[in-house]
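Me: I would like to go through the assignments in this model one by one, and to ask in each case what the label rests on.

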Amino acid sequence: MRFPSLLTLETEQQAVVDLPFHGCHVVTGAPGAGKSAMAVYRAWALATAGREVTLLARSNLLRQYLAQAAPDLTETLTVTTFHRWVRAFWRARFQTTPPQTDEGGWSYDWFEMQRDCVLNQVRSTAHLVIDEGQDLPAGFYDLCRILDIGVTVFADEEQRIGDDQSTLSEMCRALSVRSDPLVLRENHRNSREISMLASEFHKNDYGEDHLPAPSGRMPCVLRIPSLGHLLTGIHQYFIAQPERSIGIICRSTLLLRDIQSRLTRHGLAKYTQAYVHDDEYRKDMDFSGKSIRIVSTASMKGLEFDSVFVPDLDTYTEDPTSVGARLRFFVLCTRAREDLHLMYRGPKEPAILSSIPESLLARQAG
C-alpha cells in the first residue's frame, strides 16, 4: 500500500480524520479511493484520543496487510479479524463460544446473541473501525447498536461478491446513522487506463471527472501456450523491474501452489510468497518489501499491487453478463495500480472480454 502522509491528504480524506469521535459513521467510495488507508488513520486518531479502538477486517490476509501498512500508526492499535473479535468478545462476557448456525463455526446466530446481550444488559466502551465492511452481515451491526459500540465502517457495496453481506442502507439502519455516508470520490490507486477498463464491468456513480490522469500502459490480454511460458515471462519481468510489487491472482489454490513451486524452480524462492488461509506454510505474508505475491480471488479484496498478472482467464466461464461475474472482474482489475496482464490458454478469448473495445485492451499474440 502506498500510504499517504497526514500532510498530503485530500480534503475529502481529511474529513474522515475529522469525524466526531462519538457515535457511528459510514464511509464509502470506489476501489482506489483510499478507504483502507483512511481506516488506519481513523483508528489511529481514535487511539490517540484515548479510545479503546480495534481495527477489524474480514479476512486474515487483509488483517496482515492493514497491520503492516503503516507500522508507526498501527503499533498502538489492536488489528484483528471479524471472527477473532466476535469470539474473544463473547468468551470474555459469557465464558463460552458464541451461538452458531453452522457446524463449521463461521456463521453466528445473531438473534440469539442480541437477546442474550439485552437480557444480561451487556454494554461495551469499544470503538470498532471496520475495513471492507460490506463483507460483514447486517446482524453484526445490529449487535453493535445493542452493545452501544461506536463503529466507523468503510465499505463499498459494489464489492459485495459473496453471501451474507450488507448494503450501505442496511449498515446505516442497523447503526442508527441518520446522515448519508461520507463519500471518497477520487481514485488514488489505478492508472486512468486500468480505471477505464474496470468501468466496463461496473459503472460507478463518481463520473468521468473522477478518473485518474493518464499514467500507465494499456491493460493487455495474451493467449499463452503454457503456464511455463507465462512464468518464464514473469521471471524476466521481475528481474528487469525488481522494485515493483507483483501480484498473481488465481481462482484456485491448486494453481496458486503450482505457480509458487514453479517460480521456486526458477530461482525466485526468496522473492515469492503465497497465501492460503488454511495452509500453515502459506498463512502469513510479509508486505514490507517488493516481491511476487500469489493470492486467490477469494483473498484479493483490499489488496493492491504495481503489476497484476491473471494466469487463468480461461477459467472464467460463467455467464459474462451476470452481475456476480462482472463485479468479480471489476474488483480483480482494480487490484492493479499501473500494469494489468490477463492471460488465457485455449483457442478462444474468454467471453468475459468479448465486449471490451480495442481502445481499452491491447490484445497480444503469445
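**Labels and the values behind them**

Reply: Asp142 has a relative accessible area of 12% and is buried. Please keep in mind throughout that this is a predicted model.

Me: Why is Asp142 called buried?

Reply: The label buried requires a relative accessible area under 20%, and Asp142, with 12%, therefore meets it. Its salt-bridge partner is Arg145, which at 36% is partly exposed, because that class lies between the 20% and 50% limits.

Me: What makes the pair of Arg145 and Asp142 a salt bridge, and where do the two residues lie?

Reply: The N to O distance between the side chains of Arg145 and Asp142 is 3.0 Å, and the cut-off is 4 Å, so the pair qualifies. Both residues belong to helix H7 (residues 138–147), where they are three residues apart, about one turn of the helix.

Me: How do you know that Asp116 and Arg115 form a salt bridge, and which label, buried or partly exposed, goes to Arg115?

Reply: For Asp116 and Arg115 the N to O distance is 3.7 Å, which is within 4 Å, and the pair therefore counts. Arg115 has 42% relative accessibility and is partly exposed, whereas Asp116 has 17% and is buried.

Me: Why can one say that the pair of Glu304 and Arg189 ties together parts that are apart in sequence?

Reply: The closest N and O atoms of Glu304 and Arg189 are 3.1 Å apart, in a salt bridge. Glu304 lies in the loop between strand S10 (292–296) and S11, and Arg189 in the loop between S6 and helix H9 (192–199), so the pair joins parts that are 115 residues apart in sequence. Glu304, at 12%, is buried, and Arg189, at 13%, is buried as well. Both residues are part of a network of salt bridges that also links Lys290, Asp306 and Arg337.

Me: What makes Ser307 buried, and which side chains does its own side chain meet in polar contacts?

Reply: Ser307 has 0% relative accessibility, and as buried means under 20%, the label follows. Ser307 lies in strand S11 (residues 305–310), and its side chain makes polar contacts with the side chains of Tyr237 (2.7 Å) and Asp339 (3.4 Å).

Me: How do you know that a salt bridge links domain 1 and domain 2?

Reply: The count between the two domains is one. The side chains of Lys301 and Asp135 meet in a salt bridge with an N to O distance of 2.5 Å, and the limit is 4 Å, so the label holds for this pair.

Technical notes:
Residues numbered from 1 in each chain as written. Predicted model: local features only at pLDDT ≥ 70, side-chain atom pairs only at ≥ 80, totals over all residues. Heavy atoms only, no water. Helix = DSSP H or I, 4+ residues; strand = E, 2+ residues; numbered from the N terminus. Buried < 20%, exposed > 50% of the residue type's maximum accessible area, 1.4 Å probe, protein only. Polar contact = N/O pair within 3.5 Å; in protein donor to acceptor, adjacent residues only side chain to side chain.
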